[in-house]
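Let's take a walk through a protein chain together, one piece at a time. Keep the picture open while you read.

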Amino acid sequence: MLDINLLKNNINIFYKKLKSRGFILDINYINDINTKIKKIKFEKENLECYRNKTSKKIGFLKLAKKDYKTLKKKVIECNKILLKKKIYLCKLEKKILKYYYTIPNIPDEKTKFGKDFKDNFEVYKWGKIKKYNFKLKDHIELGKKNLDIYNASKMSGSNFFILKDKLLLLYRSLIQFMLDVHIENHGYVEIYVPYLVREKCLYGTGQLPGFYRDLISVKFNKDKVKKYLKKEKFFLIPTSEVPLTNLFMNNIITENKLPLLFVSNTPCFRNENTSYGTKNKGLIRTKQFDKVEMVQFVHPEKSNYCLENITKHAEKILKLLDLPYRKMSICTNDIGFSSSKSYDLEVWFPYQKRYIEISSCSNMKDFQSRRINIKFLDKNKNKRYVHTLNGSGLAVGRTLAAIMENYQCRNGKIKIPNILKNRYMKGLEFI
């Protein structure tokens, strides 16, 4: 969430910045509700003042043993009016808060203006794209013995997959490899998190209210759960960014503990409605997939520097796997709802002859910490909001697909990347 006081005092500036990312701030709506709130608060304060003065008079009359029935009736009537004012004020505050939750983050000054993904620009490319002297296969054909989409769709519908045998070993090895690099080389602490979260957690990170259709909600059997579960909505996590970022909900962190770096591997669940064409088939876009996610809680003055670092941490995985990729800077109208600045890493897929996103790294600044209420105590004992960052390190299914296609051989076998061969794949050289 944005700084509401800053928004109110600089509403025209915020309007222009939000317009650059395709969001039209309804200034009239905000001003209208805030004017009503101000008026109700003023009326409420006057009524409370009148009630308090009248109550004191009643007290004096009681001591003097004089009649106070008329004044008591006035206090009772005043309380009834006050109650109505409080209910109306509460409705107005909920109404404006609901609207504030729909406002995306302000783009960073270094986030370049753009209308859509076509305006994202390439920062640089890394790695040499291999030349093949044989007909290339896609990862589905390469994995036809150990990658089963047909039976997965029979069980669960479209956009699911089954892995088995040595291909599954490679998949699991990638997860452990990614975690080891981030823990041993980059200083992250591994966290095991729940895969089911309350609705408020998704509001906190910004997936709600705007992306409700992309989420998978869970319904409990009402006869077998506690009463409090009936009143709450639960969702399967779309990414471990959600539980990781909510670790410090309503908490204050001491400054000397920053930065805090966490990494987690979890399945991710998304209601992908994209058409199942050539560009999205197989492991490219699925409703359930594994991802190694990095989340950082950092000092506000260091978050832009940390964005460069967290992106390098994701890049390190691609470099060690020797997968060609490019780094893209995302424009204003293509950054995520909660992001102020983002980079995408796109890995090369030789069969499709194109780069496909495999990691997104973003600086959320204080947008999420305001929604979740995560602060730190600085040297002057002032409470300030931390800045949060997150990045995929990496999406496991797409990494597996990229290895299959980039490391394919003429005979249809897949060569194991050197970095994985001995420590993770038990010396296996080909699948």
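## A small sheet of three strands

Start at Lys375, which sits opposite Tyr385 of strand E15. Keep in mind that this is a predicted model. The pair belongs to a link between strands E14 and E15: E14 covers residues 374-377, and three bridges hold it to E15, with the two strands running antiparallel.

Zoom out a little and you'll find an open sheet of three strands, ordered E8-E14-E15, with mixed pairing. Its edges are E8 (251-254) and E15 (383-385), each of which pairs on one side only. Going from one strand to the next, the twist averages 40°.

## The sheet of eight strands

Now for another open sheet, this one built from eight strands. Reading across, the order is E1-E11-E12-E13-E16-E10-E9-E4, and the pairing is mixed. The edge strands are E1 and E4 (189-190), and each of them pairs on one side only.

Let's begin at the E1 end. Strand E1 takes in residues 121-126 and runs antiparallel to E11, with five bridges joining the two. What is the bridge partner of Glu122 in E11? That would be Met328. On the next step across, E11 pairs with E12 (residues 341-349), again in the antiparallel sense and over five bridges. Here Met328 turns up once more, this time opposite Asp344 of E12. As for cover, E11 (residues 325-329) is mostly tucked away, with four of its five residues buried.

Hop over to the E4 end and the direction changes: E4 and E9 (residues 260-269) pair in the parallel sense, over two bridges. Glu190 is the residue to look for, standing opposite Val263 in E9.

## Two helices to find

Helix H7, residues 165-185, lies across several strands of the eight-stranded sheet: E4, E9, E10 (288-298) and E16 (387-395). How many degrees lie between H7 and E10? The angle is about 5°.

Next, find helix H13, which spans residues 396-406. Is it mostly covered or mostly open? Mostly covered: eleven of its eleven residues are buried. Among them are Val396, Leu400, Ile403 and Met404, but also Arg398 and Glu405.

## One residue in a loop

Glu232 lives in the loop between helix H9 (227-230) and strand E7 (234-236). Why does Glu232 count as partly exposed? Because its relative accessibility is 28%, and that value falls between the 20% limit for buried and the 50% limit for exposed.

Try finding Lys302 too. Glu232 and Lys302 are 70 residues apart in sequence, and their C-alpha atoms are 37 Å apart in space.

## The whole chain

Time to step back. The chain has 14 helices and 16 strands in all, and its C-alpha trace spans about 105 × 50 × 40 Å along the principal axes. Of its 431 residues, 48% are buried. Many contacts join far-off parts of the sequence: taking contacts with a separation of 6 or more, 74% are between residues 24 or more positions apart.

On the outside, the accessible surface adds up to about 23600 Å², and carbon and sulfur atoms own 51% of that. Finally, there are 87 positive and 42 negative charges in the chain, and the mean positions of the two sets lie 6 Å apart.

Terms used. Residues numbered from 1 in each chain as written. Predicted model: local features only at pLDDT ≥ 70, side-chain atom pairs only at ≥ 80, totals over all residues. Heavy atoms only, no water. Pairing = 2+ DSSP bridges. Axes fitted to C-alpha atoms, helices over the stretch in contact; angles between N-to-C directions. Buried < 20%, exposed > 50% of the residue type's maximum accessible area, 1.4 Å probe, protein only. Contact = heavy atoms within 4.5 Å. Areas by Shrake-Rupley, 256 points an atom, 1.4 Å probe, with all protein chains shown as cover. Lys, Arg positive; Asp, Glu negative; His and termini not counted. Charge placed at Lys NZ, Arg CZ, Asp CG, Glu CD.
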